[in-house]
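Ready for a few exercises? Have a look at the chain below, try each task on your own, and then follow the solution step by step.

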Amino acid sequence: MLGAITPNFRAVYLNCQADGISICFVVKHDDPEDREEIDDIVFEFSAHQPSKLDFDVCVRVESSPLYELNIPGRMVYARKEEVRPEKYV
């Protein structure tokens with residue numbers, strides 16, 4: 001993702017399952033150029049896998065705080081935003 005992330009990207013989640021990998025991108029607003037960057041990220045990531053895997057890609061346009069989102073998987077990127085309330089730490 002180096003060099004592909006724009007200020008519009010808020011977070012990226014990766015979830016590995018037996019039947020494939022899901023990648024969820026959280027953006028502040030929908031942008032065609034960012035959609036192209038997402039396609040490039042997924043293509044590069046899939047090219048580095050040792051075997052053919054099924055990819056499920058989602059793009060969520062969200063303004064809610066990241067700690068309130070219920071997205072399965074591990075957050076692999078998060079931009080710096082306001083600090084979480086104590087109950088979420």
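**Exercise 1. Find how many aromatic pairs the structure holds, and describe each of them.**

Step 1. The count is 2 aromatic pairs; rings of Phe, Tyr and Trp (its six-membered ring) pair if their centres lie within 6.5 Å, and planes under 30 degrees apart count as stacked, over 60 as edge-to-face and the rest as tilted.

Step 2. Phe 9 and Phe 25 make an edge-to-face pair, with 6.2 Å centre to centre and 85 degrees between the planes. Phe 9 sits in strand 1 (residues 9-17) and Phe 25 in strand 2 (residues 20-27), 16 residues apart. Strands (E, at least two residues) and helices (H or I, at least four) are DSSP runs, numbered from the N terminus.

Step 3. Both Phe 9 and Phe 25 are buried. Buried means under 20% relative accessible area, exposed over 50%, and partly exposed in between (1.4 Å probe, protein chains only).

Step 4. Phe 45 and Phe 55 are also an edge-to-face pair, at 5.8 Å centre to centre and 80 degrees between the planes. This pair links helix 1, home of Phe 45, with strand 3 (residues 55-61), home of Phe 55. Phe 45 is partly exposed because its relative accessible area is 29%, and Phe 55 is partly exposed at 25%.

A word on the model: it is predicted, so local features need pLDDT of at least 70 and side-chain atom pairs pLDDT 80 or more, while totals for chains, interfaces and linings use all residues. Residues are numbered from 1 along each chain as its sequence is written, and side-chain values use heavy atoms, leaving out hydrogens and water.

**Exercise 2. Work out which residues the salt-bridge network joins.**

Step 1. A salt bridge is a side-chain nitrogen of Lys or Arg within 4 Å of a carboxyl oxygen of Asp or Glu.

Step 2. Arg 10 bridges to Glu 81, with the closest N and O atoms 2.8 Å apart. Arg 10 lies in strand 1 and Glu 81 in the segment after strand 4 (74-78), so parts 71 residues apart in sequence are tied together.

Step 3. Arg 79 forms a salt bridge with Glu 81 too, the closest N and O atoms being 2.7 Å apart. Shared partners therefore join Arg 10, Arg 79 and Glu 81 into one network.

Step 4. Now the burial: Arg 10 is buried at 4% relative accessibility, whereas Glu 81 is partly exposed at 27% and Arg 79 is partly exposed at 23%.
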